Amino acid sequence: MSIEIKAPTFPESVADGTVATWHKQPGEACSADELIVDIETDKVVLEVVAPQDGVIKEILKGEGDTVLSDEVIAVFEAGAAGSAAPAADASPAADSAPAGDADKVGPAARKLIDEHGLDASKIPGTGKNGGITKEDVQNFMNSGAQPAAAAPAAAPAPAAPAVSVNVAAGERVEKRVPMTRLRATIAKRLVDAQQNAAMLTTYNEVNMKPIMELRKQYKDLFEKTHNGTRLGFMSFFVKAATEALKRFPAVNASIDGNDMVYHGYQDIGVAVSTDRGLMVPVLRDTDSMSLADVESTIRDFGLRGRDGKLGLNDMQGGTFTITNGGVFGSLMSTPILNPPQTAILGMHKIQDRPMAVNGQVEILPMMYLALSYDHRMIDGKEAVQFLVTIKDLLEDPARMLLDV
């Protein structure tokens, strides 16, 4: 029985997607719910799985092709046995036959092999039934392997492996790679944010010693009480920002045309760096979340972001954003707004600095804070007071508990 494999149903905010990677090839056996293709959109990578046991009969949309919501991308034959394994076992000489190698190489892998003049028979395959994937080819090239054409001629020359693949000695190498849809969307949104908003940034600094001492005192008990959830710094910033947002509603608002939309809730986006680019999953109703809830949710975001499992629902909405460049060593930066939000808080590296305290010089762990805001919606006075409120709450954490 033939079944149409369709692209996922995209939300209204996503016009189309791009076929990123086919994990299964025509004739290759698939199990029910096994991943067969990734569809990349402007925001996330969506996975399409096999509807039941069978094989892919025909691929209608290749890697790099644009697809619309619910568009047919392949034909699936339910209940059919995979043809790739029998073909490989049919003859003992299959490994050395050109046709046998061709069956084992996917379209994306074949393209890389042809571009770099590689010998497919020398590439170890980690795919189904020993199939060669795009990643296998990339790993083979990264290992310093030579192109197929150079192998026979260069055999007498022992110095050849010292030269990179397809690169002559002394050659100035360039590599042109098209932007992914996510990277292109990030670029467009960042440019739009700077062009369409009256963006300013105000700075302050916070003494992290009280938070660090509190964390040191209770981190073991916290982890034990909350089933292994570790007490980090981000939860304190989320809770401090939540309290400040309640006191300054304009910072929690957004602009929609000529309307100013004030949100009666606090949904805080937390920037997460992934291999595909920066993503901003959203913590919902942070006013009702405990420190443990915040920490466990952020950890989950980080793990799913690393594995490409963040969904569209995770990143939709948000009334305010926090980004932490300090984890990469940034001492000070100017964060860019995440439209349609009107403000974003930038955290930075904690660094010991000499500070004057009651007429005495003390070495304290200090962090610079940056608040970028849209001056069309937020006045400078509100922005400064908002940032000072966060500073005061962090330097005296009891104020968050006492709501003072």
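Q: What do the side chains of Asp-374 and Arg-376 form?
A: In this predicted model, the side chains of Asp-374 and Arg-376 meet in a salt bridge, at 2.7 Å from N to O; the term stands for a side-chain nitrogen of Lys or Arg within 4 Å of a carboxyl oxygen of Asp or Glu.

Q: Is Asp-374 buried or exposed, and what about Arg-376?
A: Asp-374 counts as buried at 3% relative accessibility, whereas Arg-376 counts as partly exposed at 49%. Buried means under 20% relative accessible area, exposed over 50%, and partly exposed in between, with a 1.4 Å probe and protein chains only.

Q: Which residues are joined into one network by salt bridges?
A: Glu-243, Lys-246, Arg-247 and Asp-287 are joined by salt bridges that share partners. Within that group, Glu-243 and Arg-247 have their closest N and O atoms 3.0 Å apart, and because they are four residues apart in helix H8, about one helical turn separates them. Glu-243 is buried at 10% relative accessibility, while Arg-247 is partly exposed at 34%.

Q: How many salt bridges does the structure hold, and which parts does the one between Glu-205 and Arg-353 tie together?
A: The structure holds 15 salt bridges. One of them joins the side chains of Glu-205 and Arg-353, at 2.4 Å from N to O; Glu-205 lies in strand E9 (residues 199–207) and Arg-353 in strand E18, so the pair ties together parts that are 148 residues apart in sequence. Helices (H or I, at least four residues) and strands (E, at least two) are DSSP runs, numbered from the N terminus.

Q: What does E18 pair with?
A: Strand E18 (residues 351–357) runs antiparallel to strand E19 (residues 360–374), and seven bridges join them; two strands are taken to pair if DSSP finds at least two bridges between them. Pro-354 has Ile-363 in E19 as its bridge partner, and in the hairpin, with two residues between the strands, Asn-358 takes a positive phi near 55°.

Q: Switching to sheets, what is the order of the open one that has E5 in it?
A: The order is E5-E4-E2-E7, four strands with antiparallel pairing. Strand E5 (45–49) and strand E7 (66–68) stand at the edges with a single partner strand each, so one side of each has no neighbour in the sheet.

Q: And where is Asn-252, buried or exposed?
A: Asn-252 is in the loop between helix H8 (234–247) and strand E10 (253–256), and at 1% relative accessibility it counts as buried. A polar atom of the Asn-252 side chain lies 3.1 Å from the backbone oxygen of His-263, and the Asn-252 side chain also reaches the backbone oxygen of Tyr-265 at 2.7 Å.

Q: What is the mean pLDDT, and where is the pLDDT below 50?
A: The mean pLDDT, the predictor's confidence in each residue from 0 to 100, is 81, and 83% of the residues reach 70 or more. It is below 50 over stretches including residues 83–101, which has 13 contacts beyond near neighbours in sequence, a contact being heavy atoms within 4.5 Å. Where pLDDT is low, the predicted coordinates should not be read in detail.

Q: What conventions apply here?
A: Residues are numbered from 1 along each chain as its sequence is written, and side-chain values use heavy atoms, with hydrogens and water left out. As the model is predicted, local features need pLDDT of at least 70 and side-chain atom pairs count only at pLDDT 80 or more, while totals for chains, interfaces and linings use all residues.

Technical notes: A polar contact is a pair of N or O atoms within 3.5 Å; within protein, one must be able to donate a hydrogen and the other to accept it, and residues adjacent in sequence count only if both atoms are side-chain atoms.
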